[in-house]
Amino acid sequence: MQHEKSCGAIVYRKSHGNTEILLIRHINSGHWSFPKGHVENGETEIETAIREIREETSIEVLIDPTFRETVSYYSKRDTQKTVVYFIAKAKNYDFAPQREEIEEIRWVDISYAPKILTYDNDKSIVGKAKSAISMNLR
């Protein structure tokens with residue numbers, strides 16, 4: 001059994017009084033999710049999340065380490081993948097997709113995001129992140 005680990009975040013911003021989160025659509029699979037990627041040697045989970053968000057979207061973020069959710073699934077028949085998600089406040093809002101991997105990026109109202117997200121695990125994490133984000137915005 002192989003094991004893979006990725007880290008990413010639910011990136012948020014306040015826009016016109018609403019909370020929006022950043023969603024990405026992957027080129028090869030077409031699914032909507034959050035920016036994330038593989039942990040590289042010597043990186044912490046937070047360092048991986050920051051790097052991957054920057055690489056995939058060109059957005060710089062401030063990670064909240066008090067929110068940490070994990071999802072595990074089988075990406076291939078003999079490979080278990082674990083993804084660690086944080087919440088992260090966007091420092092800039094203009095994005096540029098990493099052309100090799102990302103087909104589209106959108107800022108979406110957090111309440112609307114579950115209608116766009118592909119996987120139930122991601123939809124569940126949005127519900128948990130929504131509460132944590134509202135605490136950070138107070």
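**Aromatic pairs: a short tour**

Select Trp 107 first. Its relative accessibility is 14%, so Trp 107 counts as buried. Keep in mind that this is a predicted model. A search of the whole structure turns up two aromatic pairs, and both are on this route.

**Stop one: Phe 34 and Tyr 85.** Select these two rings. They form an edge-to-face pair, with 5.4 Å centre to centre and 80 degrees between the planes. Now colour by secondary structure. Phe 34 lies in the loop between strand 3 (32-33) and strand 4 (36-38), while Tyr 85 belongs to strand 6 (residues 79-90). The two are 51 residues apart, so this pair links distant parts of the chain. Turn on the surface. Phe 34 has 0% relative accessibility and is buried. Tyr 85 is buried as well, at 2% relative accessible area.

**Stop two: Tyr 93 and Trp 107.** Return to Trp 107 and add Tyr 93. This pair is also edge-to-face: 6.1 Å centre to centre, 80 degrees between the planes. Where does each partner of this pair sit? Tyr 93 is in the loop between strand 6 and strand 7 (102-109), and Trp 107 is in strand 7 itself. They are 14 residues apart, and the pair links distant parts of the chain. Check the surface again. Tyr 93 is partly exposed, with a relative accessible area of 37%, whereas Trp 107 is buried at 14%.

**Stop three: Arg 13.** Stay on Tyr 93 and add Arg 13. What sits over the ring of Tyr 93? The charged end of Arg 13 does, 5.2 Å from the ring centre.

Notes: Residues are numbered from 1 along each chain as its sequence is written. This is a predicted model: local features need pLDDT of at least 70, side-chain atom pairs count only at pLDDT 80 or more; totals for chains, interfaces and linings use all residues. Side-chain values use heavy atoms; hydrogens and water are left out. Rings of Phe, Tyr and Trp (its six-membered ring) pair if their centres lie within 6.5 Å; planes under 30 degrees apart count as stacked, over 60 as edge-to-face and the rest as tilted. Helices (H or I, at least four residues) and strands (E, at least two) are DSSP runs, numbered from the N terminus. Buried means under 20% relative accessible area, exposed over 50%, partly exposed in between (1.4 Å probe, protein chains only). A charge sits over a ring if NZ of Lys or CZ of Arg is within 6 Å of the ring centre and within 35 degrees of the ring normal.
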